[in-house]
Amino acid sequence: MQEADRIMRLAFGTFIGLPDPMSFAGDADYVYTRYRADPSAALVAEVGGKIAGSNFALHWGSVGVFGPLTIHPDFWDKGVARRLLEETMDIFARWQVTHAGLFTFAQSSKHVHLYQKFGFWPRFLTAIMSKPVDKAPSAAKMARYSQLTGAEKEPAIEACKTLTGNIYDGLDLRKEIYSVDKQGLGDTILIYDDSGSLAGLAICHCGPGTEAGSGNCYVKFGASAPGQGSAERFERLLDACESFAGSQGLSRIVAGVNTGRHDAYRRMIARKFCTDIQGVAMHRPDEPGYDRKDVYLVDDWR
């Protein structure tokens with residue numbers, strides 16, 4: 001994976017024009033963490049016995065996501081990405097996902113055209129947003145997955161599955177929760193309502209060697225229970241994430257939100273989150289999935 005990591009940084013750094021392409025992403029890690037999460041869904045392309053690129057598929061129950069797909073600049077426009085995508089689609093077929101997606105550069109017609117060949121169509125923008133951490137304690141009833149007893153963890157996972165399944169049928173983040181827990185990448189935050197029912201969850205990476213990077217708490221996925229009061233539960237969940245970040249000595253909180261979830265996006269702006277980068281979400285089939293106005297959810301398909 002060392003060469004795959006090097007190529008990932010070189011490819012992205014070169015594409016966006018960094019003076020030192022290898023500085024891309026700093027000490028954040030998008031390769032080793034995803035490989036360890038599911039080696040069977042990590043793909044590498046070789047040309048002449050040398051690694052030319054890689055891709056990583058993520059299995060979120062009925063939803064499949066992939067990335068980062070990166071190719072060494074020497075092999076751009078030579079069909080390597082197409083071969084990796086063909087294998088990725090085979091993985092999604094085995095998983096029997098009903099909805100698949102990716103995040104790509106909105107300004108790059110080349111990238112959008114490539115993914116269209118595999119049935120993915122551009123929809124709304126996704127904003128990757130961040131803000132400084134307010135270390136004020138959260139009033140939310142919060143638990144951390146890592147601190148649950150063995151007997152408590154599986155019921156918590158099932159409650160998470162029920163919550164996300166009520167947002168989109170079959171959506172299940174257990175693999176992400178397990179990965180963060182087993183790799184020690186951060187924690188999964190759980191908030192509850194007054195009746196003791198799960199009101200929201202947030203899967204967080206913390207600091208260097210994770211998808212967050214130094215000083216950051218990165219919410220890879222977070223959602224509040226749908227239905228009446230979902231917006232207020234979403235606010236409480238964001239409070240809990242920020243409180244958790246402060247407790248870990250982190251200075252910045254990072255999260256992605258698709259603008260198709262219009263009110264969630266507006267609420268992030270109202271909380272003084274600023275957009276650092278934005279890209280377009282591409283879906284297969286060309287349907288909203290869970291990018292709907294009534295959904296209060298943050299995630300990042302990069």
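**Entry 1: the annotated domain**

UniProt positions are given here in the numbering used for this chain, and such annotations may be inferred rather than shown by experiment. With that in mind, I looked up the record: an unreviewed UniProt entry carries the annotation "domain: N-acetyltransferase" over residues 1–134. I am working with a predicted model. I then checked the span itself, and found residues 1–134 to be 33% helix and 31% strand. The end C-alpha atoms of that span lie 36 Å apart.

**Entry 2: helix H3**

I went to H3, residues 80–95, and asked how its span compares with 1.5 Å a residue. Its 16 residues should span 22 Å, and the end C-alpha atoms are 23 Å apart, which agrees.

Which residues of H3 are buried? I listed Val 80, Ala 81, Leu 84, Leu 85, Thr 88, Met 89, Ile 91, Phe 92 and Trp 95. Looking down the axis of H3, I see these buried residues fall within an arc of 165°, so they line one face of the helix. The helical repeat helps me read such a list: with 3.6 residues a turn, residues three or four places apart point the same way.

On the face of H3 turned away from the buried side I found the exposed residues Ala 93 and Arg 94. Just after H3, I noted a positive phi of about 60° at Gln 96.

**Entry 3: helix H7**

Next I took H7, residues 230–247. It has 18 residues and reaches 25 Å from its first C-alpha to its last, close to the 26 Å expected at 1.5 Å a residue.

How many residues of H7 are buried? I have 14 of the 18, so H7 is largely enclosed by the rest of the structure. After H7 comes Gly 249, where I noted another positive phi, near 75°.

**Entry 4: helix H8**

H8 covers 262–270 and comes before strand S12 (274–284). I found Ala 264, Tyr 265 and Met 268 buried in H8. These cover an arc of only 100° around the axis, which puts them on the same side of H8.

What covers the buried residues of H8? My list includes strand S6 (121–132), H7, S11 and S13. On the face turned away from the buried side, H8 carries the exposed residues Arg 266 and Ala 270. Lys 272 follows H8 with a positive phi, near 75°.

**Entry 5: Arg 271**

I stayed in the loop between H8 and S12, where Arg 271 is found. Is Arg 271 buried or exposed? With a relative accessible area of 17%, it is buried, since the cut-off for buried is under 20%.

I then looked for its contacts, leaving aside neighbours within four places in sequence. Arg 271 is in contact with Lys 131, Glu 235, Leu 238, Asp 239 and Glu 242. The side chains of Arg 271 and Asp 239 are joined by a polar contact of 2.5 Å, and the pair also counts as a salt bridge (2.5 Å, N to O). This pair links distant parts of the chain: Asp 239 is in H7, Arg 271 in the loop between H8 and S12, 32 residues apart. Asp 239 itself is partly exposed, with a relative accessible area of 36%.

I followed the charges further and reached a network of salt bridges linking Glu 235, Asp 239, Asp 263, Arg 267 and Arg 271.

**Entry 6: other salt bridges**

A reminder to myself: side chains of opposite charge can pair when their charged atoms come close. I searched the whole structure and found 24 salt bridges.

One of them joins the side chains of Asp 181 and Lys 153 (3.3 Å, N to O). Here too the pair links distant parts of the chain, with Asp 181 in helix H6 (residues 174–183) and Lys 153 in helix H5 (residues 150–167), 28 residues apart. Asp 181 is partly exposed, at 28% relative accessible area, whereas Lys 153 is buried, at 19%.

Which residue forms a salt bridge with Arg 261? I found Asp 299, with the closest N and O atoms 3.0 Å apart. Arg 261 lies in the loop between strand S11 (252–258) and H8, and Asp 299 in strand S13 (residues 297–299), so the pair ties together parts that are 38 residues apart in sequence. I checked exposure for this pair as well: both Arg 261 and Asp 299 are buried.

Conventions:
Residues are numbered from 1 along each chain as its sequence is written. This is a predicted model: local features need pLDDT of at least 70, side-chain atom pairs count only at pLDDT 80 or more; totals for chains, interfaces and linings use all residues. Side-chain values use heavy atoms; hydrogens and water are left out. Helices (H or I, at least four residues) and strands (E, at least two) are DSSP runs, numbered from the N terminus. The expected span of a helix is 1.5 Å times one less than its number of residues. Buried means under 20% relative accessible area, exposed over 50%, partly exposed in between (1.4 Å probe, protein chains only). The arc is that of the directions from the helix axis to the C-beta atoms. A polar contact is a pair of N or O atoms within 3.5 Å; within protein, one must be able to donate a hydrogen and the other to accept it, and residues adjacent in sequence count only if both atoms are side-chain atoms. Contact means heavy atoms within 4.5 Å. A salt bridge is a side-chain nitrogen of Lys or Arg within 4 Å of a carboxyl oxygen of Asp or Glu.
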